Amino acid sequence: MGRVSVFMVAVIMGTALGFLSGLGVGGGSLLMLWLTVVLSLEHGTARIINLLFFLPSAVIATLFRWKQGNLDTKKVLPAIVAGCIAAAVFSVISTKID
């Protein structure tokens, strides 16, 4: 497969998985399978790519939901704070384990 073909497949898969992420279907889980099974990437590398893929997708989906009035910030704010704290704590712990 040529470089252009590989790039086009990556663009198509990224678009499809981004669409599924926006719907809340779990595009990140499918991306992990794609990266590890199909592209044979190491799990650690796939996790980093998955995180970099998820962040802009989540921000865009959240902005659209907020604009539509489907986001109750008073209910979501405690979860955001708790999630950020947990992510920071467990990131530090995971670097100690590795």
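Buried means under 20% relative accessible area, exposed means over 50%, and partly exposed is what falls in between, with a 1.4 Å probe and protein chains only. Keep that handy. The model is predicted, so to speak of a local feature takes pLDDT of at least 70 and to count a side-chain atom pair takes pLDDT 80 or more, while totals for chains, interfaces and linings use all residues. Residues are numbered from 1 along each chain as its sequence is written, and side-chain values use heavy atoms, without hydrogens and water.

**Exercise 1.** Work out which accessibility class Gly18 falls into, and how far it is from Phe53.

Step 1: find Gly18 in helix α1; helices are DSSP runs of H or I with at least four residues, numbered from the N terminus.
Step 2: its relative accessible area is 24%, so Gly18 is partly exposed.
Step 3: go from Gly18 to Phe53, 35 residues apart in sequence, and the C-alpha atoms are 8.1 Å apart.

**Exercise 2.** Describe how α1 and α3 pack.

Step 1: two packed helices are described by the angle between their axes and the distance between the axes.
Step 2: for α1 (residues 3-23) and α3 (residues 43-67), the angle is about 45 degrees and the axes are 9 Å apart. The axes are lines fitted to C-alpha atoms over the stretch in contact, and angles run from 0 to 180 degrees between N-to-C directions.
Step 3: under 35 degrees counts as roughly parallel, over 145 as roughly antiparallel, 65 to 115 as roughly perpendicular and the rest as oblique. α1 and α3 are therefore oblique to each other.
Step 4: the crossing of α1 and α3 is right-handed, meaning the near helix is turned clockwise from the far one by less than a right angle.

**Exercise 3.** Say what is odd about the phi of Ser40, and place the residue.

Step 1: most residues other than glycine have a negative phi.
Step 2: Ser40 is not a glycine, yet its phi is positive, about 55 degrees.
Step 3: Ser40 sits in the loop between α2 (27-38) and α3, and with 60% relative accessibility it counts as exposed.
Step 4: Leu77 is 37 residues from Ser40 in sequence and 38 Å away, C-alpha to C-alpha.

**Exercise 4.** Place Leu77 and Ile97, and sort each as buried or exposed.

Step 1: Leu77 lies in helix α4, and so does Ile97, with α4 covering residues 73-97.
Step 2: Leu77 has a relative accessible area of 51%, so it is exposed.
Step 3: Ile97 is exposed too, at 67%.

Key. Helices (H or I, at least four residues) and strands (E, at least two) are DSSP runs, numbered from the N terminus.
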